[in-house]
Amino acid sequence: MSDKIKEREIQIKRLQQNLSPIRKIAGWTAEVLGDKIGVTKQTISNLENNKTPMNFTQYIAIRSVLDYEIANNKENEVLPKVVALLLDCEQELDETDYSKVQDVVGTVAATAAGGTSTDKLDMVFDVLIKSLPFVVPIIGTIIGTSTNWPKKLFK
């Protein structure tokens with residue numbers, strides 16, 4: 001298997017593992033995300049619960065919708081941070097640190113699912129992420145790089 005295919009599989013797996021919290025932080029139900037990419041809410045549910053593996057086409061569709069949301073919904077300041085940390089920082093975090101970031105994001109996602117406003121959600125995220133001192137230096141460098149994901153997959 002080529003390095004390009006391995007990298008693609010890693011990226012797809014990361015998105016599938018983190019789809020539920022990312023979706024909740026974006027403020028979408030499974031139905032809304034499904035509508036955005038042309039699948040049913042059951043397909044989204046199956047992806048989130050690992051009942052079916054995410055394919056490359058689904059990955060591209062979801063990443064594209066996330067990029068669009070990040071570019072056009074400036075009120076949600078948490079989404080670009082979460083996408084960058086969970087999907088685009090593979091070299092910056094080891095497995096243990098990545099798992100800690102996932103825990104923080106899971107807490108923020110649960111808060112988002114409870115209907116918390118984006119302002120308060122950003123405050124919750126900032127407080128929790130600062131409890132992980134290894135993240136603070138890299139968060140500024142990775143924000144804004146999430147639009148580079150196609151270059152990694154198509155080079």
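Student: Which residue forms a salt bridge with Asp 122?
Tutor: In this predicted model, look for the side-chain nitrogen facing Asp 122. The closest N and O atoms of the pair are 3.1 Å apart, which is within the 4 Å cut-off for a salt bridge. The partner of Asp 122 is Lys 81.

Student: How many residues apart in sequence are the parts that Asp 122 and Lys 81 tie together?
Tutor: Place each residue in its helix. Asp 122 sits in helix H7 (residues 118–129), and Lys 81 sits in helix H5. The pair therefore ties together parts of the chain whose separation in residues is 41.

Student: Are Asp 122 and Lys 81 buried or exposed?
Tutor: Start with Lys 81, whose relative accessibility is 18%. The limit for burial is under 20%, so Lys 81 counts as buried. For Asp 122 and Lys 81 the verdict is shared: both are buried.

Student: At what N to O distance do the side chains of Asp 126 and Lys 81 meet?
Tutor: Asp 126 lies in helix H7 and Lys 81 in helix H5. Their pair links distant parts of the chain, 45 residues apart. The side chains meet in a salt bridge, with an N to O distance of 3.3 Å.

Student: Does Asp 126 count as buried, partly exposed or exposed, and why?
Tutor: The relative accessibility of Asp 126 is 25%. Partly exposed is the class between under 20% and over 50%. Asp 126 therefore counts as partly exposed.

Student: Which residues do salt bridges with shared partners join into one network?
Tutor: Lys 81 pairs with Asp 122. Lys 81 also pairs with Asp 126. Bridges that share partners make one network of Lys 81, Asp 122 and Asp 126.

Student: Which residue forms a salt bridge with Asp 88?
Tutor: The closest N and O atoms of this pair are 3.2 Å apart. Asp 88 is in the loop between helix H5 (78–87) and helix H6 (95–113), and its partner is in helix H4, 25 residues apart. Both residues are buried. The partner of Asp 88 is Arg 63.

Student: How many salt bridges does a search of the whole structure find?
Tutor: Side chains of opposite charge can pair when their charged atoms come close. The pairs of Asp 122 with Lys 81, Asp 126 with Lys 81 and Asp 88 with Arg 63 are among them. For the whole structure, the search finds four.

Student: Which side chain of opposite charge is nearest to Glu 69?
Tutor: Glu 69 lies in helix H4 (residues 56–72). Leaving out residues up to four places away in sequence, Glu 69 touches Ala 26, Trp 28 and Leu 79. Glu 69 is buried but has no salt bridge, its nearest opposite charge being 4.6 Å away. That side chain is Lys 36.

Student: Which residues have the most contacts inside the largest nonpolar core?
Tutor: This core has 40 residues. Helix H1 (3–26), helix H2 (30–37), helix H3 (41–48), H4, H5, H6 and H7 each give two or more. One well-connected member, Leu 15, is in contact with residues including Ile 22, Met 54, Tyr 59 and Leu 87. Those with the most contacts inside the core are Leu 15, Ile 22 and Ile 25.

Student: What distance separates the C-alpha atoms of Gln 11 and Glu 90?
Tutor: Gln 11 belongs to helix H1. With 2% relative accessibility, Gln 11 counts as buried. Gln 11 and Glu 90 are 79 residues apart along the chain, yet their C-alpha atoms are separated by 9.0 Å.

Student: Which helices are included in what covers the buried residues of H3?
Tutor: The residues to be covered are Ile 44, Asn 46, Leu 47 and Glu 48. Their cover includes H1, H2 and H4.

Student: What phi does Asn 50 take just after H3?
Tutor: Asn 50 is in the loop between H3 and H4. Asn 50 counts as exposed, at 55% relative accessibility. Although Asn 50 is not a glycine, its phi is positive, at about 55 degrees.

Student: How many helices and how many strands does the chain have?
Tutor: From the N terminus on, the elements run α-α-α-α-α-α-α-α-α. The chain comes to nine helices and zero strands.

Conventions:
Residues numbered from 1 in each chain as written. Predicted model: local features only at pLDDT ≥ 70, side-chain atom pairs only at ≥ 80, totals over all residues. Heavy atoms only, no water. Helix = DSSP H or I, 4+ residues; strand = E, 2+ residues; numbered from the N terminus. Buried < 20%, exposed > 50% of the residue type's maximum accessible area, 1.4 Å probe, protein only. Lys, Arg positive; Asp, Glu negative; His and termini not counted. Contact = heavy atoms within 4.5 Å. Core = buried A, V, L, I, M, F, W, Y, C linked by side-chain atoms within 4.5 Å.
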